[in-house]
Amino acid sequence: VTKTDIYSKKQKLLDFYHRIRSQAPQPEPEPSLPAEYLHREFKARELNLPVPDEEQIREILAQSGKFSPEDELNCGACGYGSCREKAVAVFRGHAEPQMCIPYMRKRAESMSNLVLNAMPNGVIIADEELVIVEINPAAIKMFGGKQSKFIGEKLNAIMEPTEFQRVLKEKRMLKTDAGYLKNNLITRQIIFPLENLVVGIFIDVTKEFTQQNELVQVKTQTIERAEEVIKKQMTVAQEIAGILGETTAETKTLLNQLIKLMQN
Ligand code: SF4
């Protein structure tokens with residue numbers, strides 16, 4: 001193939017293209033829009049958001065437990081860049097003061113401490129080595145002593161740790177209706193695993209058990225007494241029946257003798 005051939009072929013193709021194009025229907029020219037449609041007006045819609053002063057920011061920060069710059073963790077967990085940014089958002093009504101993760105966590109922890117301290121039942125939390133890591137006032141009262149005496153102490157110093165060991169091993173909850181503690185207290189116990197810890201709840205049922213035992217004793221004594229009375233009654237009844245039998249036999253003999261006498 002020579003160079004001339006390529007050019008003549010290209011020319012032929014172009015001629016063909018122009019011929020076809022000239023025969024094809026030409027598109028309608030686009031209508032031009034009137035000038036009034038070709039512009040738009042914009043109004044300034046600037047947001048004049050209120051800006052809190054320093055005192056207002058401090059007040060808002062205090063609502064989530066931030067009283068000094070050290071309390072401002074600026075962790076960004078609330079979605080704002082800093083605690084102060086969030087305080088501004090609160091001021092503008094875009095956020096709630098309590099929307100602070102560290103604050104909520106601290107609050108939840110202090111709430112659980114409140115509950116633990118107010119609980120009427122004893123609570124003991126031990127670690128994997130069965131060392132006491134937490135004990136509430138009710139449990140301290142049950143075992144007698146001060147909190148400092150128990151924290152860090154081995155569980156077996158105050159009670160039989162078998163159930164706690166079982167819970168650690170089997171990782172499941174155990175319930176005991178009557179567990180005897182070293183100080184003669186009788187407790188209903190609920191022991192369950194919590195991550196790497198074991199939690200024991202002790203409900204003092206000593207009074208309930210004593211009353212139950214007394215009731216059982218009263219019942220037993222009543223039954224014994226009733227059996228004794230029945231036995232005595234039976235003896236008396238048998239004696240009366242014996243006497244009645246004898247007198248009846250005597251009466252019968254006498255009457256027979258009287259009948260015979262009358263017949264004769
Ligand atoms: S979550 Fe709380 S501590 Fe963290 S930046 Fe927000 S307000 Fe500050």
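**Exercises on a predicted model**

Glu195 lies in the loop between E4 and strand E5 (197-204). The model treated here is predicted.

**Exercise 1.** Determine whether Glu195 is buried or exposed, and describe its backbone phi.

*Solution.* Step 1: the relative accessible area of Glu195 is 72%. Step 2: the cut-off for an exposed residue is over 50%, so Glu195 is exposed. Step 3: the phi of Glu195 is positive, at about 55 degrees, although this residue is not a glycine. Step 4: for comparison, most residues other than glycine have a negative phi.

**Exercise 2.** Locate Asn74 and classify its accessibility.

*Solution.* Step 1: Asn74 is placed in the loop between helix H2 (54-63) and helix H3 (83-91). Step 2: with a relative accessible area of 39%, Asn74 falls between the limits of 20% and 50%, and is therefore partly exposed. Step 3: Asn74, although not a glycine, has a positive phi of about 50 degrees.

**Exercise 3.** Describe the surroundings of Thr187 in strand E4.

*Solution.* Step 1: strand E4 comprises residues 186-194 and includes Thr187. Step 2: the relative accessible area of Thr187 is 0%; buried means under 20%, so Thr187 is buried. Step 3: the side chains of Thr187 and Gln189 are joined by a polar contact of 3.0 Å. Step 4: neighbours within four places in sequence are now left aside; the remaining contacts of Thr187 include Met142, Thr176, Asp177, Ala178, Gly179 and Leu181. Also among them are Phe202, Ile203, Asp204 and Val205.

Definitions and conventions. Residues numbered from 1 in each chain as written. Predicted model: local features only at pLDDT ≥ 70, side-chain atom pairs only at ≥ 80, totals over all residues. Heavy atoms only, no water. Helix = DSSP H or I, 4+ residues; strand = E, 2+ residues; numbered from the N terminus. Buried < 20%, exposed > 50% of the residue type's maximum accessible area, 1.4 Å probe, protein only. Polar contact = N/O pair within 3.5 Å; in protein donor to acceptor, adjacent residues only side chain to side chain. Contact = heavy atoms within 4.5 Å.
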